Amino acid sequence: MKILGSEITPYKTYLNRRKFIKGSLASAMLATVTSSAFANHDSDLSIYTKNLNENDKLNSYEEITTYNNFYEFGTHKKHPHLNSGNFKPRPWTIKIDGLVKKPQTFDLEKILSNVTIEDRVYRLRCVEAWSMVIPWQGFQLSELIKMAEPLSSAKYVQFVTVFRPEEMPGQQKRTIIWPYREGLRMDEAMNPLTILATGLYGHEMPNQNGAPIRLVVPWKYGFKSIKSIVEIRFLDTQPETSWETLAPWEYGFYANVNPNVNHPRWSQGTERRIGEFKRRETLMFNGYEEEVAHLYKDLDLTKFY
Ligand code: MTE
């Protein structure tokens with residue numbers, strides 16, 4: 001089923017329909033998958049839910065939208081919520097270039113009318129050892145990649161965030177080298193778990209969470225999930241990424257969630273779920289081992305972290 005961003009159900013309707021908050025996650029998930037407006041008709045739904053259990057309560061809309069990392073709006077967790085009011089996420093275009101048949105610039109509305117918007121409840125595990133469970137709306141990145149028609153020589157995908165210092169006060173300071181950039185290997189980008197998210201909790205994507213469109217790669221640390229994307233490049237070599245460029249000894253290109261490989265300054269063995277007191281164990285590949293471990297079978301994960 002195809003729905004446009006502008007047709008996304010308002011927040012209250014969404015909550016009533018799904019009764020996410022009160023029920024256990026299992027029944028919540030059932031509500032999700034049977035909800036006609038958001039039903040995903042053609043893929044195996046179990047892969048989106050099996051890694052979640054009753055201990056994985058959804059974080060509240062407030063938690064998800066007031067505790068953020070988005071350095072374009074400041075380095076404190078409250079800054080994106082407080083400083084992103086002047087950001088204008090519409091109209092929006094995404095430029096596709098590099099190793100593709102026809103480099104072109106897509107209007108976001110055109111992309112949205114050609115893809116299948118689905119619900120995906122994913123954990124987001126930040127490299128700073130906190131996590132949340134977020135009900136996203138979005139579509140598989142593979143759908144856009146197919147529209148872009150990459151050449152067979154394209155082995156990597158690079159993503160670039162918008163650069164608008166007049167709307168993004170953090171970009172007026174040199175905290176990182178702007179614009180924010182991220183990248184994936186082509187097989188990671190084509191994996192069905194990888195989505196471009198355009199909303200959460202049935203809302204269009206809030207500015208502080210990466211409006212109007214951001215990546216979500218649930219088995220990787222949160223910094224891979226680049227926000228407010230304006231350009232996607234197809235390359236034959238591994239692209240530069242913001243955090244790896246800044247501190248390669250701390251942040252690798254792969255950034256797979258891995259409780260056995262610590263950050264040099266802290267352990268990755270446990271995490272603090274926002275809203276909880278007791279720390280919980282971090283899962284290998286953030287709980288998606290079965291779906292993605294095969295991608296790294298020949299890779300030394302202590303070296304390629
Ligand atoms: N994208 C951009 N453009 N700028 C950023 O500072 N922060 C990253 C990622 N995407 C970031 C970004 C980090 S470190 C995390 S943990 C997630 O966004 C946080 O996403 P959330 O604020 O929606 O929870």
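This report describes the cavities and pockets found in a predicted model.

## Cavities

The structure holds 2 cavities of 30 Å³ or more, and the second largest cavity encloses about 40 Å³ of space. Its lining is made up of R123, L124, R125, V216, V217, P218, K220, Y221, G222 and S225.

Strand β3, which spans residues 118-125, gives the most to the lining of the second largest cavity, with 3 residues. Sorted by class, that lining has 5 nonpolar, 2 polar and 3 charged residues.

## The largest pocket

The largest pocket has a volume of about 470 Å³, and 28 residues line it, with N69, F70, C126, G222 and F223 lying nearest its centre. G222 also appears in the lining of the second largest cavity.

Among the contributors to the lining of the largest pocket, strand β4 (residues 130-140) gives the most, with 4 residues. By class, the lining of this pocket comprises 18 nonpolar, 6 polar and 4 charged residues.

## The second largest pocket

About 220 Å³ of space lies in the second largest pocket. This pocket is lined by 18 residues, and those closest to its centre are Y221, E250, V261, N262 and Y305. Y221 is, in addition, one of the residues that line the second largest cavity.

The class composition of the lining of the second largest pocket is 11 nonpolar, 6 polar and 1 charged residues.

Conventions:
Residues are numbered from 1 along each chain as its sequence is written. This is a predicted model: local features need pLDDT of at least 70, side-chain atom pairs count only at pLDDT 80 or more; totals for chains, interfaces and linings use all residues. Side-chain values use heavy atoms; hydrogens and water are left out. On a 1 Å grid over the protein atoms alone, a cavity is a set of points where a 1.4 Å probe fits but cannot get out, and a pocket is an open set with protein on both sides within 12 Å along at least five of seven lines; lining residues have an atom within 4 Å of a point. Grid points are joined across faces, edges and corners, and a volume is the space filled by probe spheres set on the points. Helices (H or I, at least four residues) and strands (E, at least two) are DSSP runs, numbered from the N terminus. Ala, Val, Leu, Ile, Met, Phe, Trp, Tyr, Cys and Pro count as nonpolar, Asp, Glu, Lys and Arg as charged, and the others, Gly among them, as polar.
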